[in-house]
Amino acid sequence: MNLSIDVTNNEGVSNVVLTGEVDAFTAPKLKDTLLPLTKEKGQVVEVDFQDVNYMDSTGLGVFISALKSTKEHESEMRLVHMQDRVYRLFKITGLTEIINIESTVQGGM
Amino acid sequence: MNTLKLDLENYKELLQEYIKTEDEQALYQAEQFSKHSMQQNISPEEIINVHIQSLQEIYPDMPRYIQSSMNFLLETMISYGLAYQEYQTLREKQLELKSEISVAANMQKTLLSTVKPDLSEIDVGALSVPAKQMNGDYHHFVHDGKGSLGIAVADVIGKGVPAALCMSMIKYSMDSFSGMRTDPSVILGSLNRVVERNVDASMFITMFYGLYNSNEHTFTFSSAGHEPGYYYHKDRDEFEEIDVPGLVLGVSPEVTYKQYEKRVEKGDMIILLTDGVTECRQGDRFIDQEEILHVIKQYSHLPAQGIVDQVYKHFERLQDFQLRDDFTLIILRRNV
């Protein structure tokens, strides 16, 4: 499976739409796209998980380094439209406590 | 040099025969000749050179333009020859690396080896199988001889060599804690600080640490974002998820870990695992936890090690004997 990453920038907000699977093969590409966005002070990075149905722990590693980078550069990251299977991974690892995550679109928000 | 000369003579004869008969047998011999040449590290342009020499000997009056075209071909092949040489060198290097990795894997095995404790009060089964040569899963037993058994199960995110190096660090830190307080929450807290200081931002470790007190039959535990284990209640014949909150190791230095305690009754089981077990995939289908518990139950009449071995065999079969992730499963059962 592949991962496509679409970035649109809009007045201090970067929208990152992911489609596909985040795993050991696609994670480096995601990291290369995501990390530079978090290095700008005040920037808000919103990652859309609507079309991500599988992510493994390598993917979590990418979001952990992105989170560390937002703290260092005073930017912000939030993850939206996350599906249950992927959310479970963030929940088990305790990351839901420290990352801003809005889980599944319930009843179509 | 002698063998090469012999081959030259051989090539000439083969060529002559083929031109005369156009027989397939000669073509087959030509194929054998090229295989043999490769074994002797003979480059493509050397073969062309042999071809030119043979032609000259067979047809002393060979037209000049054929001679020139042959020389032209010879020059064109030189880069291929170089590429072939490069390939040979890479192949040798690859073999070297392979043997170095297997030495490292053996070293890791020795470094991280742990002895499954033999206690009369509890029956212990444990199995850890790496998907690749190096194992990114880790489990460790610490038995204090006074009835206390510490069990650590961990998974380093990332696979292969970096994960294995990271594991060795964990193992050394744990060894340095021995003799200190063995509360699971304290151990995870200390490890978290070690990992946070020493690993790359995108790397992290999940760990479950439990302490079984075989005098009072209590199980005390904490989790650092580790895959939830299961608790089997013998009296109700029911499984319960051991799902306790806790952040993975290495993300934030200030984290503290909560500690939980359970009373263990006779026949009850504690099942600890890594996500290699729950992330088993059969084609595109994921194995859900119900299936894992079902398999455990199916073999629950066996000793703990027997159950663990059977569960592994079951999932190995499901995945066509190709593990995608390291697999670790530990089962403890109260005997008396």
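Reply: Buried means under 20% relative accessible area, exposed means over 50%, and partly exposed lies in between. The model discussed here is predicted.

Me: Why is K35(B) called partly exposed?

Reply: The relative accessibility of K35(B) is 46%. Partly exposed lies between 20% and 50%, so K35(B) counts as partly exposed. K35(B) sits in helix α2 of chain B, which covers residues 24-39.

Me: How far apart are K35(B) and P253(B) in sequence and in space?

Reply: In sequence they are 218 residues apart, and in space 61 Å, C-alpha to C-alpha.

Me: Why is E17(B) called partly exposed?

Reply: E17(B) has a relative accessible area of 37%. That value falls between the limits of 20% and 50%, so the term applies. The residue belongs to helix α1 of chain B, residues 2-21.

Me: What makes E17(B) eligible for a surface patch by its area?

Reply: A patch takes residues with over 30% relative accessible area, and E17(B) has 37%. Together with E13(B), D23(B) and E24(B), E17(B) forms a negative surface patch.

Me: Why is α2(A) described as largely enclosed by the rest of the structure?

Reply: Of its 17 residues, 12 are buried, so the description follows. Among the buried ones are G59(A), F63(A), I64(A) and T70(A).

Me: How do you know what span to expect for helix α2 of chain A?

Reply: The expected span is 1.5 Å times one less than the number of residues. For the 17 residues of α2(A), 57-73, the expected value is 24 Å, and the helix reaches 24 Å from its first C-alpha to its last. Just after α2(A), E74(A) has a positive phi of about 55°.

How values were computed:
Residues numbered from 1 in each chain as written. Chains lettered and ligands numbered in written order. Predicted model: local features only at pLDDT ≥ 70, side-chain atom pairs only at ≥ 80, totals over all residues. Heavy atoms only, no water. Patch = residues over 30% accessible without salt bridge, like charges linked within 9 Å, V, L, I, M, F, W, Y side chains within 5 Å. Areas by Shrake-Rupley, 256 points an atom, 1.4 Å probe, with all protein chains shown as cover. Salt bridge = Lys/Arg side-chain N within 4 Å of Asp/Glu carboxyl O. Lys, Arg positive; Asp, Glu negative; His and termini not counted. Charge placed at Lys NZ, Arg CZ, Asp CG, Glu CD. Helix = DSSP H or I, 4+ residues; strand = E, 2+ residues; numbered from the N terminus. Buried < 20%, exposed > 50% of the residue type's maximum accessible area, 1.4 Å probe, protein only.
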